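Please open the model in your viewer and keep the sequence panel beside it, since this tour goes from one selection to the next. At each stop, make the selection first and then read what is there.

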Amino acid sequence: MSLRTPLGRVLGMGSAKDGTEHWWAQRVSAVALIPLTLWFLFSLLMLPGLDYETVKTWLSLPTSGFLCVLLLVVLTYHSYLGTTVVIEDYVHTAGMKLLLLLVLRFSYVLVCGAGVFAVLRIVMGR
Amino acid sequence: MPSPPVRARPTSPHLDIYRWQIGNTLSILHRLTGIALAMGLPALCYWLVSLAGGDESYAAAAKLFASPAGLVVLIGWTFAFLYHLLNGVRHLFWDAGYGFERTQRHASGWFVVVGSIVLTLCVWVLIRHTAS
């Protein structure tokens with residue numbers, strides 16, 4: 001006889017409450033990052049130089065700006081998922097864990113927001 | 001009657017009883033490169049912000065990245081990225097159910113190690129070539 005409630009059996013999530021969503025999101029963002037990161041690396045390598053004018057001209061193209069914003073957002077998401085697991089794995093006091101996870105989340109939003117805003121400024125030319 | 005000696009039981013995850021080998025080494029390296037790359041994200045955003053800020057702020061950022069310490073960190077991030085990319089694809093193959101045989105695991109592992117070192121060299125030879 002199982003002691004699980006019928007609702008618990010239907011949801012099938014165990015004590016972690018969030019099933020495989022975190023694991024799956026990590027994989028999906030990983031797949032998306034393969035073309036995005038390679039595009040970014042190859043684009044920079046193919047530029048004639050990395051001086052201000054060259055890089056700015058390249059990034060102000062709508063395609064470059066668009067892909068760069070996508071890169072930043074997916075990179076942030078993937079990185080956030082990964083470092084969250086690192087903190088969950090190694091920080092064992094509840095208060096410190098909560099604090100670090102909050103600092104981590106705020107930092108990612110701040111850094112990604114600044115990066116995306118910078119790219120938009122470059123594309124808009126102001 | 002003497003009580004039996006109390007032996008300290010190993011606590012989970014028993015890391016110190018395992019022999020060091022390629023599987024666990026590359027797994028640990030995957031997490032370490034992931035952490036290193038997470039630290040690279042603010043640097044990437046700083047570079048973009050400096051580019052949006054104009055000629056002078058970009059020059060300041062470029063000077064920082066081109067310093068000896070900056071170059072060491074950039075080369076480190078290049079390796080970390082290429083390793084994390086190749087080993088990540090290796091993980092995706094496992095997730096899809098392929099490559100679990102002992103010989104396959106070892107071969108793909110060494111492919112990742114050699115591949116990421118060679119590609120890091122290629123990238124930086126190309127960068128020096130472009131810069132000169």
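Begin by selecting helix 1 and helix 2 of chain B in this predicted model, and turn the view until you can follow the place where helix 1 of chain B passes helix 2 of chain B in a left-handed crossing. Helix 1 of chain B covers residues 22-53 and helix 2 of chain B covers residues 55-66, and their axes come within 6 Å and cross at roughly 150 degrees. Angles over 145 degrees count as roughly antiparallel, and helix 1 of chain B and helix 2 of chain B are therefore roughly antiparallel to each other.

Now show the side chains where these two helices touch. From helix 1 of chain B, select B:Tyr46, B:Trp47, B:Ser50, B:Leu51 and B:Gly53, which meet B:Ser57, B:Tyr58, B:Ala60 and B:Ala61 of helix 2 of chain B. If you colour the residues of this contact between helix 1 and helix 2 of chain B by class, you will find six nonpolar, three polar and no charged residues.

Next, select the whole of chain B. How many helices and strands does chain B have? There are four helices and zero strands in chain B, and from the N terminus on its elements run α-α-α-α. The radius of gyration of chain B is 21 Å, well over the 14 Å that the globule rule gives for 132 residues, so chain B is more spread out than a compact globule. Along its principal axes, the C-alpha trace of chain B spans about 85 × 40 × 25 Å.

While chain B is still selected, colour it by the confidence of the prediction. Chain B averages a pLDDT of 92, and 93% of its residues score at least 70. Among the elements of chain B, confidence is lowest in helix 4 (residues 102-131), at a mean of 94, and highest in helix 3 (residues 68-95), at 98. For the complex, the predictor gives an ipTM of 0.88 and a pTM of 0.88.

Now bring chain A into the selection. The secondary structure of chain A comes to five helices and zero strands, and read along the sequence it follows the pattern α-α-α-α-α. Chain A has a radius of gyration of 20 Å, whereas a compact globule of 126 residues would have one near 14 Å. The C-alpha trace of chain A spans about 70 × 30 × 25 Å along its principal axes.

With both chains on screen, look at where they touch. The contact takes 24 residues from chain B and 23 residues from chain A. Which elements give two or more residues to the side of chain B that touches chain A? They are helix 1, helix 2, helix 3 and helix 4 of chain B, and the largest share of that side, 13 residues, comes from helix 1 of chain B. By class, the side of chain B that touches chain A has 18 nonpolar, three polar and three charged residues.

For a closer view between the chains, select helix 4 of chain A (residues 62-90) together with helix 1 of chain B, which pack at an angle of about 130 degrees with their axes 10 Å apart. That angle makes helix 4 of chain A oblique to helix 1 of chain B, and helix 4 of chain A passes helix 1 of chain B in a left-handed crossing. Here A:Leu75, A:Thr76, A:Ser79, A:Gly82, A:Thr83 and A:Val86 in helix 4 of chain A meet residues of helix 1 of chain B that include B:Arg31, B:Gly34 and B:Leu41. This contact of helix 4 of chain A with helix 1 of chain B has six nonpolar, five polar and one charged residues.

For the last stop, select helix 2 of chain A (residues 21-46) and helix 3 of chain B, which pack at an angle of about 135 degrees with their axes 11 Å apart. Helix 2 of chain A is thus oblique to helix 3 of chain B, and the crossing of these two helices is left-handed. The contact is made by A:Arg27, A:Ala30, A:Val31 and A:Thr37 of helix 2 of chain A and by B:Phe81, B:Leu85, B:Gly88, B:Leu92 and B:Asp95 of helix 3 of chain B. Coloured by class, the residues of this contact between helix 2 of chain A and helix 3 of chain B divide into five nonpolar, two polar and two charged.

Definitions and conventions: Residues numbered from 1 in each chain as written. Chains lettered and ligands numbered in written order. Predicted model: local features only at pLDDT ≥ 70, side-chain atom pairs only at ≥ 80, totals over all residues. pLDDT = per-residue confidence, 0-100. Axes fitted to C-alpha atoms, helices over the stretch in contact; angles between N-to-C directions. Parallel < 35°, antiparallel > 145°, perpendicular 65-115°, else oblique. Left-handed = near helix turned anticlockwise from the far one by under 90°. Contact = placed C-beta atoms within 7 Å. Nonpolar A, V, L, I, M, F, W, Y, C, P; charged D, E, K, R; others polar. Rg over C-alpha atoms; globule rule 2.2 N^0.38 Å.
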